[in-house]
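Subject: Handing over the protein–DNA model

Hello,

Here is the structure I said I would pass on to you. Please have a look at it first, and then read on for what turned up in it.

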2 protein chains.
Amino acid sequence: MVGDSRHMRIGELSERTGTSRRLLRYYEEQGLIAPTRSANGYRDYDEANVDRVAQIRGLLDSGLPTRIIKQILPCLNQPRVIHFSDATPEMLATLEFELDRMTQRIRCLTRNRDAIAEYLAAVRTDEGREADDGHEAVVGVPARA
Amino acid sequence: MVGDSRHMRIGELSERTGTSRRLLRYYEEQGLIAPTRSANGYRDYDEANVDRVAQIRGLLDSGLPTRIIKQILPCLNQPRVIHFSDATPEMLATLEFELDRMTQRIRCLTRNRDAIAEYLAAVRTDEGREADDGHEAVVGVPARA
DNA sequence: ATTGACCCTCACACAAGTGTGAAGGTCTCA
DNA sequence: TGAGACCTTCACACTTGTGTGAGGGTCAAT
């Protein structure tokens, strides 16, 4: 199957991903997406770019810089298939390093999220009563940077 | 127990947390830490600030801006005890909102981390063989922003 | 042929997090 | 009393991700 060729210009991609045109161009400039160009200079995106952009946004929001996202994206190809032939040793090292960092981030976020969840639960339990005194609840602890 | 009063100046805290003095002052300016001052103008930090700073760094690295960290830190007090009396409704709303965002971040990071882990595993399995052709492996999908 | 809705590039601007350094105060030790 | 190692504030500067707008093409519909 040669795939459906549902193409679009920057405006549509912008609307479908909730991302400003400016940012789509920026991501391109950073090498995160590579739309083709139509006869007139217009950028031409295909369906796969929708997920791609969502992925980029998610990673950016999680604190990864474009520089890193650019490096890990090739391992996360659209048809959910890995094509590796271009796996240099440095590349793999970077990947392992980032894997670790991501795991740390996840731990830190989880710990703090759980702490907040507990806090909210405690406050809600306490609702109605006047809480003018100190109450107790166990809270998480930071991650080692 | 009135707690051990192991105090220190900015230089020591900097070394113990691996954070530049500049940043410690910046975090203070942003209201994330509030050292007291000695008779001379020197900042005076106590032991609890070590964990505090680690926590701040972790959250920052996870993509949370100081503005948000400032809001959630009060719920994450040092003796791992929650003192709530200052829980305004807006505050709780913000907290719930951020809780959601953190959960999304965690999902996105986890998904992508797992994808990278699988990629690495696949590459390693393949090690030695000449991989000049496309190989296959299932990969994760982005998070909805 | 003009209008309107697209697209293009370029560039200035801004907030956040961080580095760096100047100009100067404090304290300890020889 | 001077040197050295701290500390202070202030300020300029860089990078990243983002907004905004100027100046200008393309294209379809009227």
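A definition before the strands come up: two strands are taken to pair if DSSP finds at least two bridges between them. Please also keep in mind that this is a predicted model.

**The sheet in chain B**

With that definition in hand, chain B has an open sheet of three strands, ordered 1-3-2, with antiparallel pairing. Strand 1 (7–8) and strand 2 (36–37) of chain B are its edge strands, each pairing on one side only.

Residue by residue, Thr36(B) has Asp44(B) in strand 3 of chain B as its bridge partner, and Arg37(B) has Arg43(B) as its partner in that strand. Strand 2 and strand 3 (residues 43–46) of chain B run antiparallel and are joined by two bridges. The connection between strand 2 and strand 3 of chain B is a hairpin, which passes through five residues.

On the other side, two bridges link strand 1 of chain B with strand 3 of chain B, again antiparallel. Here Met8(B) is found opposite Tyr45(B) of strand 3.

**The sheet in chain A**

Chain A also has three strands in an open, antiparallel sheet with the order 1-3-2. Its edge strands are strand 1 (7–8) and strand 2 (36–37) of chain A, and each of them pairs on one side only. Two bridges hold the antiparallel pair made by strand 1 and strand 3 (residues 43–46) of chain A. Within strand 3 of chain A, Tyr45(A) is the residue that Met8(A) stands opposite.

**Two helices in chain A**

Next, the packing of helix 2 of chain A against helix 3 (residues 48–61) of chain A. Two packed helices are described by the angle between their axes and the distance between the axes. The axes of helix 2 and helix 3 of chain A come within 12 Å and cross at roughly 85°. Angles of 65 to 115 degrees count as roughly perpendicular, and helix 2 and helix 3 of chain A are therefore roughly perpendicular to each other.

Which residues meet where helix 2 of chain A contacts helix 3 of chain A? Helix 2 of chain A brings Leu23(A), Leu24(A) and Tyr27(A), while helix 3 of chain A brings Val53(A), Ile56(A), Arg57(A) and Leu60(A). By class, this contact between helix 2 and helix 3 of chain A has six nonpolar residues, one charged residue and no polar ones.

**DNA strand C**

Now to the DNA. There are 20 residues around DNA strand C, and those that come nearest are Gly11(A), Arg21(A), Arg43(A), Tyr26(B) and Tyr42(B). Of the DNA strand C atoms within 4 Å of the protein, 71% belong to sugar or phosphate, and the rest belong to bases.

Several phosphate contacts are worth a look in your viewer. A polar side-chain atom of Thr66(B) is 2.7 Å from a phosphate oxygen of DNA strand C. For Ser20(B), an N or O atom of the side chain lies 2.9 Å from a phosphate oxygen of DNA strand C. Ile10(A) uses its backbone instead, with a polar backbone atom 3.5 Å from a phosphate oxygen of DNA strand C.

The elements giving two or more residues to the surface near DNA strand C are helix 1 (10–17) and helix 2 (21–29) of chain A, along with helix 2 (21–29) of chain B. Helix 2 of chain B gives the most, with four residues. By class, the surface near DNA strand C has eight nonpolar, seven charged and five polar residues.

**DNA strand D**

Around DNA strand D there are 20 residues, and the nearest are Tyr26(A), Thr66(A), Gly11(B), Arg21(B) and Arg43(B). Of the atoms of DNA strand D that come within 4 Å of the protein, sugar and phosphate account for 68%.

What lies 2.6 Å from a phosphate oxygen of DNA strand D? That is a polar side-chain atom of Thr66(A). Tyr27(A) also has a polar side-chain atom 2.9 Å from a phosphate oxygen of DNA strand D, and Tyr27(A) is one of the helix 2 residues that meet helix 3 of chain A. From chain B, a polar backbone atom of Ile10(B) is 3.5 Å from a phosphate oxygen of DNA strand D.

Helix 2 of chain A, and helix 1 (10–17) and helix 2 of chain B, each supply at least two residues of the surface near DNA strand D. Helix 2 of chain A gives the most, with four residues. The surface near DNA strand D divides into eight nonpolar, five polar and seven charged residues.

Best wishes

Notes. Residues numbered from 1 in each chain as written. Chains lettered and ligands numbered in written order. Predicted model: local features only at pLDDT ≥ 70, side-chain atom pairs only at ≥ 80, totals over all residues. Heavy atoms only, no water. Near = heavy atom within 4 Å. Polar contact = N/O pair within 3.5 Å; in protein donor to acceptor, adjacent residues only side chain to side chain. Nonpolar A, V, L, I, M, F, W, Y, C, P; charged D, E, K, R; others polar. Axes fitted to C-alpha atoms, helices over the stretch in contact; angles between N-to-C directions. Parallel < 35°, antiparallel > 145°, perpendicular 65-115°, else oblique. Contact = heavy atoms within 4.5 Å.
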